[in-house]
Amino acid sequence: SDGKVVFKGKSDLECGTYAISGMDGKQLVEFIVPMENKKFRSDFELSGRKISIKKGNGENSLFVDFQNLINWEWEQLSGKDGFLAKVGAMQKTASAEYGGTLVDIILRNNLFAPETAMQMRENFPFGNPIIANTHFAREKVVQYLELLQNERYNDIGKEVNSLIGSIQDKD
């Protein structure tokens, strides 16, 4: 069945990722509201597990391709190497065509698996305001805190305050 979701209000949506869920609470599609949110519009089509974009910006087209890859297309690739090659190609496109945008930041950091909290703190853009309104940033904060907890129980409070301060300083 067809459906339509319209976000209307007196102010524009903030830059970030947003999700549309079905009646059962299951997430159907996630999309990006870009920084230049002037009369933003995207039309998506869902067919089984596949999401396609009928109208929207290039940033969302690439983000939809990425969702399809991680949600189901990976099953059709030739193992880990095929998956990593596909993500690598998407990362190159994001960097070349949408450098510095939300899709670029998400794709560039999606497979980033730091071994230490310091590596993560130095390499992940926690202080970048365009990722603040995403579940992706929250996941990375949790990952950072888990790394931190494993490394140093005594300094957790100090590090959390510093991280929150760096995020708040950008507002």
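Okay, so let's start at the hairpin of β3 and β4: there are two residues between the strands, and G48 takes a positive phi near 65 degrees. Keep in mind that this is a predicted model. The two strands, β3 at residues 43-47 and β4 at residues 50-55, run antiparallel, and five bridges join them. If you want a cross-strand position to look at, take F44, which stands opposite I53 in β4.

Zooming out for a second. The protein has six helices and four strands, and if you read along the sequence you get β-β-β-β-α-α-α-α-α-α. So much for the order of elements.

Now helix α1, residues 58-71. What span should its 14 residues give at 1.5 Å a residue? The expected figure is 20 Å, and the end C-alpha atoms are 20 Å apart, so the two agree. Buried residues in α1 are E59, N60, L62, F63, V64, F66, Q67, N68 and L69. And what do those buried residues pack against? On the strand side, they pack against β1 (16-21), β2 (27-33), β3 and β4. On the helix side, the partners are α2 (79-98) and α3 (102-110).

Next, the aromatics. A pair of aromatic rings is described by the distance of the centres and the angle of the planes. Searching the whole structure turns up four aromatic pairs. Let me take one of them, F124 with F136: the ring centres are 5.8 Å apart and the planes sit at 50 degrees, so this pair is tilted. That angle falls between the cut-offs, since under 30 degrees would count as stacked and over 60 as edge-to-face. The pair links distant parts of the chain, with F124 in the loop between α4 (117-123) and α5 (135-151), and F136 in helix α5, twelve residues apart.

Are these two rings' residues buried or exposed? F124 is buried, at a relative accessible area of 4%, and F136 also counts as buried, at 6% relative accessibility. There's a cluster here too: ring pairs link F124, F126, F136 and Y144.

Last, a few global numbers. Of the 171 residues in the protein, 35% are buried. The exposed area comes to about 10900 Å², with carbon and sulfur atoms supplying 49% of it. As for contacts, take those between residues at least 6 apart in sequence: 42% of them join residues at least 24 apart.

That's my tour, happy to take questions.

Technical notes:
Residues numbered from 1 in each chain as written. Predicted model: local features only at pLDDT ≥ 70, side-chain atom pairs only at ≥ 80, totals over all residues. Heavy atoms only, no water. Phe/Tyr/Trp six-rings, centres within 6.5 Å; stacked < 30°, edge-to-face > 60°. Buried < 20%, exposed > 50% of the residue type's maximum accessible area, 1.4 Å probe, protein only. Contact = heavy atoms within 4.5 Å. Areas by Shrake-Rupley, 256 points an atom, 1.4 Å probe, with all protein chains shown as cover. Pairing = 2+ DSSP bridges. Expected span 1.5 Å × (residues − 1).
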